[in-house]
Amino acid sequence: MRLAITGTTGRVGRALANRLTGRHEIVELPKVVLDLDSSDPAVALADLEFDALIHPAGMTSLEACEDDPDTARRVNADAPAALARFCTERGKRMLAFSTDYVFDGREPGLRTESDDPAPLSAYGRTKRDGELGVLDAGGTVVRVSWIFGPEKPAFPDQVLSDALAGRPLSAIADKFSLPTFTADLAGWIDTLLYRGCPPEIFHACNSGEPVSWHDIAREVVRFLHDTGRLPAMPEIKALRLDETPFFRAPRPRHTALAAGKLADLLGHDPRNWKEALREHLAGRISR
């Protein structure tokens with residue numbers, strides 16, 4: 001299959017381009033090729049041969065979206081809808097990525113695809129509107145959360161570096177979701193493509209009970225201790241979300257995604273986030 005992938009300089013786009021090549025022919029669409037903030041982003045697809053468009057690109061900084069909601073709307077809402085309409089008109093499949101931040105996160109537990117979104121921020125609102133535009137055009141929406149992988153440093157990588165360097169460790173302990181490992185995500189997307197990209201919403205994340213960033217940091221430190229990199233497990237200071245001044249945009253506290261629909265498609269549950277994290281960390285320290 002010939003896949004066009006947007007945002008290939010970003011974490012998810014890069015991971016998909018790297019990991020799906022070989023099984024598919026990849027056409028990369030970084031921002032210099034497809035500008036989501038243009039008046040008609042679908043123009044970049046007009047002369048392009050592809051079977052499916054995978055669209056992870058977007059405006060992802062919550063603070064930037066809050067400061068410039070008009071641009072956020074063009075990039076996160078209007079552009080995906082336009083790309084989805086283009087694909088539908090030409091008989092192509094479209095799979096767009098969204099976020100757990102479409103939920104308000106007021107109640108603990110797992111969010112299913114049928115739960116009502118109620119975003120708190122400009123980022124969440126524009127991503128939700130983008131979902132609706134893609135679905136209206138017959139496309140597929142995949143919500144992900146807390147992405148990590150070797151393509152770009154993420155929170156676990158920062159904890160790893162700080163712990164090995166002996167720097168003080170701290171992490172927010174009152175915000176909960178589930179991580180998503182890019183290696184697993186690429187396989188799930190391949191399955192969705194094989195199944196024809198059903199025009200629905202799917203939650204895609206690793207399995208387990210909802211965890212905080214503090215829980216993830218503890219697992220990183222535990223891995224380093226278990227593998228002999230740290231003689232003792234250092235203390236990790238627990239922070240509160242409302243004590244984090246550089247988070248100006250509101251963030252939901254409880255957004256762990258239930259991936260039951262994805263599990264039905266795969267024929268098994270996604271693997272536990274701890275197993276995925278340890279695989280990632282082992283790859284990092286072996287370099």
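**Entry 1: helix α9**

I began with helix α9, residues 273–285, in this predicted model. At 1.5 Å a residue, its 13 residues should span 18 Å, and I found the end C-alpha atoms 18 Å apart, which agrees. Next I looked up the buried residues of α9, which are Trp273, Ala276, Leu277, His280 and Leu281. Seen down the axis of α9, these buried residues fall within an arc of 130°, so they line one face of the helix. I recalled that an α-helix has 3.6 residues a turn, so residues three or four places apart point the same way.

Against what do the buried residues of α9 pack? I noted two strands early in the list, β6 (147–148) and β9 (180–181), together with β11 (211–212). The helices that they pack against are α5 (155–165), α6 (182–194) and α7 (213–226). I also looked at the N-terminal end of α9, which asparagine 272 caps. A side-chain oxygen of asparagine 272 lies 2.8 Å from the backbone nitrogen of lysine 274.

**Entry 2: the whole protein**

I then turned to the protein as a whole and noted nine helices and twelve strands. With 287 residues, a compact globule would have a radius of gyration near 19 Å; I found 19 Å for the protein, which agrees. The C-alpha atoms fill a box of roughly 60 × 40 × 35 Å along the principal axes. I recorded that 53% of the 287 residues count as buried. The accessible surface comes to about 12,600 Å², and carbon and sulfur atoms hold 49% of that surface. Among contacts with a separation of 6 or more, 78% join residues 24 or more positions apart.

**Entry 3: threonine 6**

I found threonine 6 in strand β1, residues 2–6. Is threonine 6 buried or exposed? Its relative accessibility is 1%, so I entered threonine 6 as buried. A polar atom of its side chain lies 3.2 Å from the backbone nitrogen of alanine 57. Beyond four places in sequence, threonine 6 touches Gly13, Leu29, Leu34, Leu53, Ile54, His55, Pro56 and Ala57.

**Entry 4: arginine 240 and histidine 214**

Arginine 240 lies in the loop between β12 (236–239) and α8 (260–266). I noted its relative accessibility as 41%, so arginine 240 counts as partly exposed. Its side chain makes a polar contact, at 3.1 Å, with the side chain of aspartate 242. Leaving aside neighbours within four places in sequence, I found arginine 240 in contact with Ile172 and Asp174. I also checked alanine 171, which is 69 residues from arginine 240 in sequence, yet 8.4 Å from it in space, C-alpha to C-alpha.

Alanine 171 and Ile172 came up again when I looked up histidine 214, which touches Ala171, Ile172, Ala173, Ile236, Lys237 and Ala238, not counting residues up to four places away. Histidine 214 is found in helix α7. At 11% relative accessibility, I entered histidine 214 as buried.

**Entry 5: two positive phi values**

Which phi values of tryptophan 146 and cysteine 197 did I note? Phi of tryptophan 146 is near 45°, a positive value in a residue other than glycine. I placed tryptophan 146 in the loop between β5 (140–144) and β6. With a relative accessibility of 14%, tryptophan 146 counts as buried.

Cysteine 197 has a positive phi of about 55°, although it is not a glycine. I placed cysteine 197 in the loop between α6 and β10 (201–203). At 6% relative accessibility, cysteine 197 counts as buried.

Notes: Residues numbered from 1 in each chain as written. Predicted model: local features only at pLDDT ≥ 70, side-chain atom pairs only at ≥ 80, totals over all residues. Heavy atoms only, no water. Helix = DSSP H or I, 4+ residues; strand = E, 2+ residues; numbered from the N terminus. Expected span 1.5 Å × (residues − 1). Buried < 20%, exposed > 50% of the residue type's maximum accessible area, 1.4 Å probe, protein only. Arc of directions from axis to C-beta. Contact = heavy atoms within 4.5 Å. Polar contact = N/O pair within 3.5 Å; in protein donor to acceptor, adjacent residues only side chain to side chain. Rg over C-alpha atoms; globule rule 2.2 N^0.38 Å. Areas by Shrake-Rupley, 256 points an atom, 1.4 Å probe, with all protein chains shown as cover.
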